[in-house]
Amino acid sequence: MASCSRTQVISLYRMLIKESKKFPSYNYRTYALRRVKDSFRENLHVDNPKTLDMLLNQARENLAVIKRQVSIGQMYTAQRTIVEETGVHRDL
């Protein structure tokens, strides 16, 4: 596979973030977002084309996994957590 350009990497990053935000569960959603951001930040300075292609292929596979998990998660509804509730003010 040919070496990917910066715009392709950014596009893949945005797709991963967008898809991760679709998780219905707060815990899965925040975990996926954190993992995506950390992975791209960790590999920011990779210059080797072979390593870069390997990482991008791995990211594409992860995108496919996230898409499958999001669709499975949307089949089953779960009660929203307190963190997700909006508009409700509680005094402790």
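Two residues are in contact here when they have heavy atoms within 4.5 Å of each other. These legends go with a predicted model, in which local features need pLDDT of at least 70, side-chain atom pairs count only at pLDDT 80 or more, and totals for chains, interfaces and linings use all residues. Residues are numbered from 1 along each chain as its sequence is written, and side-chain values use heavy atoms, with hydrogens and water left out.

**View 1. The whole chain, an α-α-α protein.** The secondary structure comes to 3 helices and 0 strands; helices (H or I, at least four residues) and strands (E, at least two) are DSSP runs, numbered from the N terminus. Of the 92 residues, 21% count as buried, where buried means under 20% relative accessible area, exposed over 50%, and partly exposed in between (1.4 Å probe, protein chains only). About 7,600 Å² of the protein is exposed, and carbon and sulfur atoms supply 53% of that; areas come from the Shrake-Rupley method with a 1.4 Å probe, and for residues only the protein chains shown count as cover. Take the contacts between residues at least 6 apart in sequence, and 71% of them join residues at least 24 apart.

**View 2. L12 and the largest nonpolar core.** A nonpolar core is a set of buried Ala, Val, Leu, Ile, Met, Phe, Trp, Tyr and Cys residues joined through side-chain atoms within 4.5 Å. This one has 13 residues, and L12, L16, F23 and I66 touch the most other members. Helices α1, α2 and α3 each give two or more residues to the core, with α3 giving the most, 6 residues. Look around L12 itself and, leaving aside neighbours within four places in sequence, you'll find L56, A59, R60 and L63 in contact with it.

**View 3. S20 and R29, a buried pair from two helices.** S20 sits in helix α1, and its relative accessible area is 0%, so it counts as buried. Not counting residues up to four places away in sequence, S20 touches R29, A32, L33, V36 and I66. The C-alpha atoms of S20 and L33 are 5.9 Å apart, although 13 residues separate the two along the chain. R29, over in helix α2, is buried too, because its relative accessible area is 18%. Besides S20, R29 is in contact with K21, F23, P24 and E84, again leaving aside neighbours within four places in sequence.

**View 4. K18, an exposed residue of helix α1.** K18 has 58% relative accessibility, so it counts as exposed. Its C-alpha atom lies 9.1 Å from that of L33, which is 15 residues away along the chain.

**View 5. The largest pocket and its lining.** On a 1 Å grid over the protein atoms alone, a pocket is an open set of points with protein on both sides within 12 Å along at least five of seven lines, whereas a cavity is a set of points where a 1.4 Å probe fits but cannot get out; lining residues have an atom within 4 Å of a point. About 1,200 Å³ of space lies inside this pocket, the volume being the space filled by probe spheres set on grid points joined across faces, edges and corners. The lining takes in 39 residues, and L16, R35, V36, K37 and F40 lie nearest the centre. Two or more lining residues come from each of α1 (6-20), α2 (26-42) and α3 (49-73), and α2 supplies the largest share, 11 residues. By class, the lining has 22 nonpolar, 11 polar and 6 charged residues; Ala, Val, Leu, Ile, Met, Phe, Trp, Tyr, Cys and Pro count as nonpolar, Asp, Glu, Lys and Arg as charged, and the others, Gly among them, as polar.
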